[in-house]
Amino acid sequence: MIRVTATVNGEQHTADDVWPGESLLFVLRERMGLPGSKNACEQGECGSCTVYLDGVPVCACLVAAGQAQGRQIWTVEGLARLSGSGGGLHPVQQAFIDAGAVQCGFCTPGLLVAAHDLLARDPDPADADVREALAGNLCRCTGYEKILEAVRLAAGRLRAADAGDVTSARHAAGAGS
Ligand code: FES
Ligand code: FES
């Protein structure tokens with residue numbers, strides 16, 4: 001048995017008596033009280049368990065608990081604390097709600113992390129790029145159109161917020177309109 005200590009959503013979390021073969025997903029859900037990441041297949045097939053591990057989206061069901069030692073992890077529970085949220089839901093989360101992209105919701109946590117990652121890399125992705133980026137996240141309910149719509153909506157809102165930030169900074173710096 002091992003002790004696993006990791007920074008999860010910006011806070012240090014420790015789990016004791018962890019069997020080294022346990023998955024990071026199990027540790028997050030059952031030992032650290034973070035059930036947002038879902039367990040749908042436990043085989044790396046569905047993406048519902050997607051979390052950031054040191055900034056890279058991974059299937060938490062495929063990461064051994066021991067590999068998480070000392071690492072930085074962000075789960076869906078922490079998304080709102082990442083940049084762009086302004087204290088409420090993250091714009092990606094809000095867009096999924098507004099576009100009707102959440103039905104049973106089982107795929108949603110993983111899709112949110114994957115979509116967040118895509119938009120951090122590419123603020124204005126083409127539909128084909130969105131489909132490719134989310135190809136590892138399976139949804140049984142929505143037919144994906146609403147999900148595409150949600151990502152487009154989030155992308156537009158994030159770009160508008162960024163433009164607003166630049167304009168505010170220019171005003172603050174006395175640069176005129
Ligand atoms: S539960 Fe991890 S990929 Fe399906
Ligand atoms: S909303 Fe049900 S699996 Fe995607």
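In the predicted model, the hairpin formed by strands E3 and E4 has two residues between its strands, and aspartate 54 there adopts a positive phi near 50 degrees. The two strands of this hairpin, E3 and E4 (residues 56–59), pair in the antiparallel sense through four bridges. Within this pairing, leucine 53 lies opposite valine 56 of E4. Strand E3 also runs antiparallel to E5, to which two bridges join it. Here too leucine 53 takes part, with isoleucine 73 as its bridge partner in E5. The side chains of E3 are divided between two directions: Thr50 and Tyr52 point one way, Val51 and Leu53 point the other way, and all of these residues are buried. This pattern can be set beside a general rule, by which side chains in a regular strand alternate between the two faces of the sheet.

The hairpin belongs to an open sheet of five strands, arranged in the order E2-E1-E5-E3-E4 with mixed pairing. Strands E2 and E4 occupy the edges and have a single partner strand each, so one side of each is left without a neighbour in the sheet. From one strand to the next, the twist averages 40 degrees. At the other end of the strand order from E4, E1 and E2 are paired in the antiparallel sense over six bridges. One of the facing pairs here consists of isoleucine 2 and, in E2, valine 18.

Helix H1 packs on this sheet, where it touches E1, E2, E3 and E5, and its direction makes about 100 degrees with that of E2. The buried residues of H1, which spans residues 24–31, are Leu24, Leu25, Val27 and Leu28. Their spacing may be read against the geometry of helices in general: an α-helix has 3.6 residues a turn, so residues three or four places apart point the same way. The cover over the buried residues of H1 includes strands E1 (2–8), E2 (11–18), E3 (50–53) and E5 (72–74). After H1 comes glycine 33, which has a positive phi near 70 degrees. A further helix, H3, lies across E3 and E4 and runs at about 45 degrees to E3.

Two residues of strand E1 illustrate contrasting environments. Arginine 3 is found in E1 and counts as exposed because its relative accessibility is 55%, where exposure requires a value over 50%. Beyond residues up to four places away in sequence, arginine 3 touches Thr14, Ala15, Asp16 and Gln69. With one of these, aspartate 16, the side chain of arginine 3 makes a polar contact of 2.6 Å. Arginine 3 is also 8.3 Å from glycine 66, C-alpha to C-alpha, although 63 residues separate the two in sequence. Threonine 5 likewise has its place in E1, but this residue counts as buried because its relative accessibility is 18%, below the 20% limit. Leaving aside neighbours within four places in sequence, the contacts of threonine 5 are Gln12, His13, Thr14, Ala68, Gln69 and Gly70. The side chains of threonine 5 and threonine 14 are joined by a polar contact of 3.2 Å.

The nonpolar interior was examined next. The largest nonpolar core contains 28 residues, of which Val92, Phe96, Leu119, Leu134, Ile147 and Val151 touch the most other members. Helices H2 (91–98), H3 (108–121) and H5 (145–172) are the elements that give two or more residues to this core. A second, separate core comprises 21 residues, among them Val8, Ala15, Cys49 and Cys61. In the largest core, the highly connected isoleucine 147 touches Phe96, Ala101, Leu111, Leu134, Cys139 and Thr142, not counting residues up to four places away in sequence.

The cysteines were considered last. Cysteine 46 counts as buried because its relative accessible area is 10%, under the limit of 20%. Cysteine 61 is buried as well, with a relative accessible area of 11%. In general terms, a disulfide is a covalent bond between the sulfur atoms of two cysteines. With a cut-off of 2.5 Å between cysteine sulfur atoms, the count of disulfides in the model comes to zero.

Terms used
Residues numbered from 1 in each chain as written. Chains lettered and ligands numbered in written order. Predicted model: local features only at pLDDT ≥ 70, side-chain atom pairs only at ≥ 80, totals over all residues. Heavy atoms only, no water. Buried < 20%, exposed > 50% of the residue type's maximum accessible area, 1.4 Å probe, protein only. Contact = heavy atoms within 4.5 Å. Polar contact = N/O pair within 3.5 Å; in protein donor to acceptor, adjacent residues only side chain to side chain. Pairing = 2+ DSSP bridges. Core = buried A, V, L, I, M, F, W, Y, C linked by side-chain atoms within 4.5 Å. Axes fitted to C-alpha atoms, helices over the stretch in contact; angles between N-to-C directions.
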